[in-house]
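Reader: Could you take me through one part of this model in detail? I would like to look closely at its aromatic side chains and their surroundings.

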Amino acid sequence: MTNLSPLAQKFILHFGEMGSRWGINRTVGQIYALLYVLAKPLNADEIAEHLQFSRSNVSMGLKELQSWRLVKLLHQPGDRREYFEPPKDIWDIFKALLEERRRREVEPTLSMLRDALLETPATDADRVAQERMREMYNLIELSSSWFDDVQRLSPETLTSLMKMGSTVKTLLNVGDTVRGTFRKKRAPEPAAPEAAAAADRDSGESNVKGE
């Protein structure tokens, strides 16, 4: 790496190693980290010079980052070269990563599960397996719906929500307790056998007197 501080190099090298765990290769991870940490648009030649990558590797890496929507293409006045920069808002980066991972990993699983649930089970074992698949499908679908709701929140709301931390869990626990208490109050208590029998006798005597 050239013309980069030790701090920047450390950050870029780490992102290169982490890239494989996120589904991108080392080169792509380092290109993204360079653009992010320098916080200014760079063209492919500048990226290749900083990271000492070949021009072809840089071009492929930039195409991959564009497909993830993690870099934007820019043009400078009087310069025909293409420049690239990451989204300025860190929440946009976070959302783009989650959305792309869902598209690549979660949606294919949902599609397979939908097809499996449409099949008619031929055996008891298949019926059990299909029911397990239904549970998985419902959970993933619920998670996807939650993610869609989160995607629509503003960065300010997301930040406030995350800062609440354990407060959210406390509120949910209180809600569960209140709902449980309310259900218990509404549920009629079963009459004891002796009380029920006495009520029947009283009712019968009243009917006889009325006659």
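Reader: To begin, how buried or exposed is Tyr36, judged by its relative accessible area?

Author: Tyr36 is partly exposed, with a relative accessible area of 34% (buried is under 20%, exposed over 50%, partly exposed in between, with a 1.4 Å probe and protein chains only). The model is predicted, so local features need pLDDT of at least 70 and side-chain atom pairs 80 or more, while totals for chains, interfaces and linings use all residues. Residues are numbered from 1 along each chain as its sequence is written, and side-chain values use heavy atoms, without hydrogens and water.

Tyr36 belongs to one aromatic cluster, together with Phe11, Phe15 and Tyr32. The structure holds four aromatic pairs (ring centres within 6.5 Å, using the six-membered ring of Trp; stacked under 30 degrees between planes, edge-to-face over 60, tilted otherwise). Among them is the pair of Phe11 and Phe15, whose geometry is tilted, with 4.6 Å from centre to centre and 40° between the planes. These two phenylalanines sit four residues apart in helix 1 (residues 6-19), so about one helical turn separates Phe11 from Phe15 (helices are DSSP runs of H or I, at least four residues, numbered from the N terminus). Phe15 counts as buried, because its relative accessibility is 16%, whereas Phe11, at 26%, counts as partly exposed.

Now to your tyrosine: the Tyr32 and Tyr36 pair is stacked, because the ring centres are 6.1 Å apart and the planes lie at 25°. Both Tyr32 and Tyr36 are in helix 2 (residues 26-38), again four residues apart, or about one turn of the helix. Tyr32 is buried, at 8% relative accessible area, while its partner Tyr36 is partly exposed.

The cluster draws on both helices, and it helps to see how they meet. Helix 1 and helix 2 pack at about 145°, with 7 Å between their axes (lines fitted to C-alpha atoms over the stretch in contact; angles run from 0 to 180 degrees between N-to-C directions). The contact (heavy atoms within 4.5 Å) includes Phe11 and Phe15 from helix 1, along with Ala8, Ile12, Leu13, Gly16 and Glu17. From helix 2, it includes Tyr32 and Tyr36, with Gly29, Ala33 and Val37 among the others.

Phe15 is a good place to finish. Setting aside neighbours within four places in sequence, Phe15 is in contact with Trp22, Gly29, Tyr32 and Ala33. From Phe15 to Ile31, the C-alpha to C-alpha distance is 9.1 Å, and the two are 16 residues apart in sequence.
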